[in-house]
Amino acid sequence: MRAKWVRQAALALALVASSASAQVKAPGLVFEDAQLFHPATDPSRFVSVYDSRNLEPGRYSLGLYGTYALNPMELRLEESDERSSRLVKQTIGADLVAAIGLTERFQLGLDVPYVYTDNRRVRAFGALTEDGGHNLGDVALEAKLALLPRPVGEGFGLSLVPRVIFPSGNREEFAGTGRWQYGGLLVADVRTAGKINYALNFGGLMRDKPGLADPQLFGADDDLDDQLLYGGGVTVPLGDHLDGIGEITGRYGFRGERTAPLEGLLSARIHFGGVAFTVGAGGGMTHGRGSPDFRVIAGVTPYIPEKEVVTALPDLTGSRKTWKLADDPDGDGRPNPGDTLEYAVTLVNTGTKPAEDVVLVDALPERTSFVPGSLTFRDEAMTDTADDDAADFGASNPNAVTLKIGTIGNEASQNSVRSRFRVKVDPALTELTVIRNVAVVKHRDRPSGEPLPPTETQVFPKIRERETVVVTPEKLELTRNIHFEFDRATIRRESYPVLDDVAAVLKENAGLNILVEGHTDSVGTVSYNQKLSERRAASVKQYLAGHGVAAERLAIAGRGELAPIASNETAVGRAMNRRVEFLIVNPEALAGKTVEKRPFVDDITPQSEPAGVRPSTASGVAPAGDRGTFEVQRVLATLGYYRASVTGILDAETAAAIRKFQSENGLTVTGIPDATTRKALDEALELQRSRH
């Protein structure tokens, strides 16, 4: 078909050239810009259609669009109605667009186009078209003046966009017009309550005469008429980060259809944060110059969201709920079964209008009970029943504190209220428990209510400490060693109370599993000591199993002389090394538990807490240098290491005596009365007694 058109055009040209009597004007080839897609220079809600918004003063934007067009220009001979072959087969373009806001109503914009044209070479009466290539297009400089600024949120806006276009493109390769162009657009747009944007653009361009153009090269009638410009678009939000855009743009020349391109484009714009990505496709709706068969576009531009009207509403999202220990009988500083907690709710209105008809519903957490008479509002005592005051417990909402607050203002001196009440934790709790409390606040603008951030409180059960056993996360720490008959695995009777305490701890904590580990001193061969340590561990297991501890909870191991804790060169050191240790196999069974101190029991080892829990500051824990130090001084004095008065104060003389004892008996020298030192003192005292 195209070959037929070419033959017809050539035949028409030949007939015109050979007819001397013809009174028609010699046809000429009109060079026009083949790339008529140019995006808006600022972050418009559309692509090549403008909206009326301006950039804020001092704010700038920079974006890039790319486009591909198929057959954007046909070969047309002036004063001929015949259509000939395609002249420009395809174009590839890119537009660098930028804008800057100068005042609230005025901004400047710039469009720097690049265009690649792929042309057919056609000779027409001396005019020879080029093959095409890479070229800078016609650069456009424009402004935008807001005549009627569009209201925030929704409404109508009107702006004027004056424009001047420089003849910077190569007209021989259809990459520009070679003309100065002056004109602009009148921009009108509307934004609806549904956040849909509509826009209409209407204006024109005046294009100067050929000027320096060579009529012999471009034809005597190589003249570009002025144009009317028009366009319209609609942008519809399809999601929080996606818009659909439809637009039609066109130009109308005064020489008829061939100078009146019209094009449609459908696009999708994805935006995240301050960046937008746009892709679209469309094509020509007429056969005018610059109206392609098909076009695709893609761009990356800044995204400036629309300003929205701030609705006057109360805002109670900054309210908070806290808790504290109101009654802590054991003084350990953290919730235990039977302790009393106090909850406090502070409602704060940070909104733009008062909160009216405010009601607070604060349900009690599970495993707690309300403390009668503890309810206060604005620091005034409230009754617990439904009466004339603002509060009740359980009357209007089962097992919940209800406060009919009324109005909370939005001024700084009126925008907060506070309430308090107390609960008692279930004394029967035996496991680590998280009690969760959620309060709901309702008001006229949120009648369904909104929850405050939940309050979570961990309740820690207790392990009762025995006289000779201290529970730590790693082991059952003994305050006295387990003694055996010399060179045998028979447990001596004085150690029965210690093992009875171990059995009691294991029975009270049924989930706890133990590794019974036997140790010896270095007297004898390694092989002999290994077997002796295994027999002694087995004897301890047999004793515990006989006193109510399930045998499957007890594993045994012998370490012989391989893990000494003191020197084997001294009698006290060897006595320390002859020991049994009770290692906890599953420490998670103790997670969250703490030790309940028995009255008048020395704190043999510092109280250990599970991972992530701060050490206890309980008043029941004897501080260093108190009763424990008194006993250390007494034993040191009996052994001849300490000659000052027994005061219970860990002074310099006491520390020096401890260091001397540790050094002489093969212990790690620390100078403090730690658990190892105390047991060593006990062993030294036993050895001294056995000599007399």
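Helices here are DSSP runs of H or I at least four residues long, and strands are runs of E of at least two, both numbered from the N terminus. With that convention in hand, the tour can begin at helix 4 and its surroundings; the model is a predicted one.

Helix 4 spans residues 526-546 and is followed by Gly-548, a residue with a positive phi near 95°. The helix contains 21 residues, and the distance from its first C-alpha to its last is 30 Å, close to the 30 Å expected at 1.5 Å a residue. Its buried residues are Asn-529, Leu-532, Ser-533, Arg-536, Ala-537, Ser-539, Val-540, Tyr-543 and Leu-544. These residues lie on the same side of helix 4, because the arc they cover around the axis is only 155°. The other side of the helix carries Lys-531, Gln-542 and Gly-546, which are exposed. As for what the buried residues pack against, their partners are helix 3 (496-508) together with strand 32, strand 33 and strand 34.

Those three strands belong to an open sheet of 5 strands, arranged in the order 30-31-34-32-33 with mixed pairing. Strand 30 (469-471) and strand 33 (554-558) each have a single partner strand and stand at the edges, so one side of each is left without a neighbour in the sheet. Averaged over the sheet and with direction ignored, neighbouring strands are turned by 30° against each other. Helix 4 packs on this sheet and touches strand 32, strand 33 and strand 34 (580-584). The direction of the helix makes about 160° with that of strand 33. Within the sheet, strand 32 (residues 514-518) pairs with strand 33 in the parallel sense, over 5 bridges. One residue pair to look for in the viewer is Leu-515 and its bridge partner in strand 33, Ala-555.

Antiparallel pairing appears earlier in the chain. Strand 13 (residues 262-272) and strand 14 (residues 275-284) run antiparallel and are joined by 10 bridges. Gly-264 faces another glycine across this pair, standing opposite Gly-283 in strand 14. The hairpin formed by the two strands has 2 residues between them, and in this hairpin Gly-273 adopts a positive phi near 60°. Strand 14 also pairs with strand 15, again in the antiparallel sense, over 8 bridges. Here Gly-280 has Ile-297, in strand 15, as its bridge partner.

The loop that runs from strand 15 (294-302) to strand 16 (320-327) holds Lys-307. Although 154 residues separate Lys-307 from Gly-153 along the chain, their C-alpha atoms are 6.1 Å apart. With residues up to four places away in sequence left aside, Lys-307 touches Glu-56, Val-152, Gly-153 and Arg-191. The contact with Glu-56 includes a polar one between the two side chains, at 3.1 Å.

Two buried aspartates give a closer look at individual side-chain settings. Asp-189 is found in strand 9 (residues 181-191). Its relative accessible area is 2%, so Asp-189 is buried, the cut-off being under 20%. The side chain of Asp-189 makes a polar contact of 2.5 Å with the side chain of Ser-52, and one of 3.1 Å with the side chain of Arg-150. Leaving out residues up to four places away in sequence, the residues touched by Asp-189 are Asp-51, Ser-52, Arg-150, Gly-155, Phe-156, Gly-157, Tyr-198 and Ala-199. Asp-118, for its part, sits in strand 3 (residues 106-119). Asp-118 also counts as buried, because its relative accessibility is 17%. With the same residues along the chain left out, up to four places away, Asp-118 touches Leu-87, Val-88, Lys-89, Gln-90 and Asp-131.

Positive phi values also turn up at residues that are not glycine. Asp-357 has a positive phi of about 55° without being a glycine; this residue belongs to strand 18 (residues 355-363). At 44% relative accessibility, Asp-357 counts as partly exposed. Asn-399, likewise not a glycine, has a positive phi of about 55°. Asn-399 lies in the loop between strand 22 (391-393) and strand 23 (400-408). Its relative accessibility of 45% places Asn-399 among the partly exposed residues.

Note on methods: Residues are numbered from 1 along each chain as its sequence is written. This is a predicted model: local features need pLDDT of at least 70, side-chain atom pairs count only at pLDDT 80 or more; totals for chains, interfaces and linings use all residues. Side-chain values use heavy atoms; hydrogens and water are left out. Two strands pair if DSSP finds at least two bridges between them. Axes are lines fitted to C-alpha atoms, for helices over the stretch in contact, and angles run from 0 to 180 degrees between N-to-C directions. Contact means heavy atoms within 4.5 Å. The expected span of a helix is 1.5 Å times one less than its number of residues. Buried means under 20% relative accessible area, exposed over 50%, partly exposed in between (1.4 Å probe, protein chains only). The arc is that of the directions from the helix axis to the C-beta atoms. A polar contact is a pair of N or O atoms within 3.5 Å; within protein, one must be able to donate a hydrogen and the other to accept it, and residues adjacent in sequence count only if both atoms are side-chain atoms.
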